[in-house]
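Reader: I'm new to this. Could you walk me through the labels people put on a structure?
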Amino acid sequence: MVRVVRATQVEIETAVQALRDGELVAFPTETVYGLGANAQNPAAVAKIFEAKGRPKTHPVIVHLDSPRFLHRWVAEVPEVVTKLAEKFWPGPLTVVMKRAANVHDIVTGGQDTIAVRVPSHPMAQQLLTAFGGGIAAPSANRYGKLSPTRPEHVRDELGDAVKVILDGGESQIGLESTIVNCADGKVRLLRPGAVTAAQLRSVVGDLLMGPDLESPRTPGSTPSHYAPTTPLIIVPAGEIDAKAAALSEGGVRIAVLAQRLPLKSHKYVTWINAGRRPDQYAHDLYANLRTLDKAGCQKILVQDVPTDERWDAIRDRLVRAASSISESDDTGSMAVLP
Ligand code: TXA
Ligand code: MG
């Protein structure tokens, strides 16, 4: 039976014991909730894949409380990673490096690289320090679905598979970490997140963009990820009212995620105004999409977000959520974002 607990010392010890026993523990991070297992126990890590319904070849991030034991997990720490770690750890940055020889294949998906992150959330820090080892953890959601930003999201989706859920309230950032590949000593952005490209450049100079043929596989960067069940389409900012009106007048129940109030109220339209501040928008995004997903609508229309870099991670997740609609979708309105 799953337990949702606050992190007193006793409860951290309960979670640590569960990890030592090879069980799964969901824990808060500043980005999203993670579904954790002892990274040195392959049978425990295998439970993550079962619980999520995630293909076994997909690698998971190893979480550490600080870079002090990094050498146990990676073959070498490129100089550039030392700089990144000084600036961004603990925090929402995941770094891919060459793996150490003794890291289990199930953690790396059989690849020769490993992804490592030092989260800043105090409860994640508390758990990692008390556990004393690496915790392998993807986001605590079913494969391909929205990441959880509240403990009840984890309980509702994965409750039966998890021994303990540590309750750290709402995730402060709300989107998954920025991922960079540094395996060859250069820095390549694989997934945008709260640490922006500009911030990375200010530390490392050159930043290569997007995966190349050499890049390790990053399944979370395939389309059709981070998706609600209701088909989602992105609509140019100026057309959102007209589109919602046209569809709802045709009898389609519409949910809208916008950045302002509707110009007038439309029948059948559930409208969320998520505002114009990217940090607040990101914080609320997955919870908003969950709310709209449950509103009994046939489509979710999302108002296109601004092109400035602070919206990059948000746009990335929205485009992936939108690309889970099949080609045969007949609304005639596909994602408009690049
Ligand atoms: O914010 C986050 O990163 C959250 C919290 C829990 O830390 N975790 C998270 O994990 O988003 P997950 O598994 O949902 O996404 C991690 C991404 C996946 O797309 C995975 O393929 C990629 O990181 N990844 C993991 N190990 C990798 C590796 N060795 N090389 C390339 N990509 C890797
Ligand atoms: Mg995920």
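Author: Sure. Two strands pair if DSSP finds at least two bridges between them. Strands (E, at least two residues) and helices (H or I, at least four) are DSSP runs, numbered from the N terminus. This is a predicted model, where local features need pLDDT of at least 70, side-chain atom pairs count only at pLDDT 80 or more, and totals for chains, interfaces and linings use all residues. Residues are numbered from 1 along each chain as its sequence is written, and side-chain values use heavy atoms, leaving out hydrogens and water.

Reader: What makes β5 and β9 a pair?
Author: Four bridges join β5 (residues 93-98) to β9, and the cut-off is at least two, so they pair. The two strands run parallel, and L93 has T178 as its bridge partner in β9.

Reader: Why is the contact between D65 and R68 called a salt bridge?
Author: A salt bridge needs a side-chain nitrogen of Lys or Arg within 4 Å of a carboxyl oxygen of Asp or Glu. Here the closest N and O atoms are 2.7 Å apart, so D65 and R68 qualify.

Reader: Why is D65 called buried, and what is R68?
Author: Buried means under 20% relative accessible area, exposed over 50%, and partly exposed in between (1.4 Å probe, protein chains only). D65 has 13%, so it is buried; R68 has 46%, so R68 is partly exposed.

Reader: How do you know that R320 and D316 form a salt bridge?
Author: Their N to O distance is 2.4 Å, so the rule is met. They sit four residues apart in helix α10, so about one helical turn separates them.

Technical notes:
Chains are lettered from A and ligands numbered from 1 in the order in which they are written.
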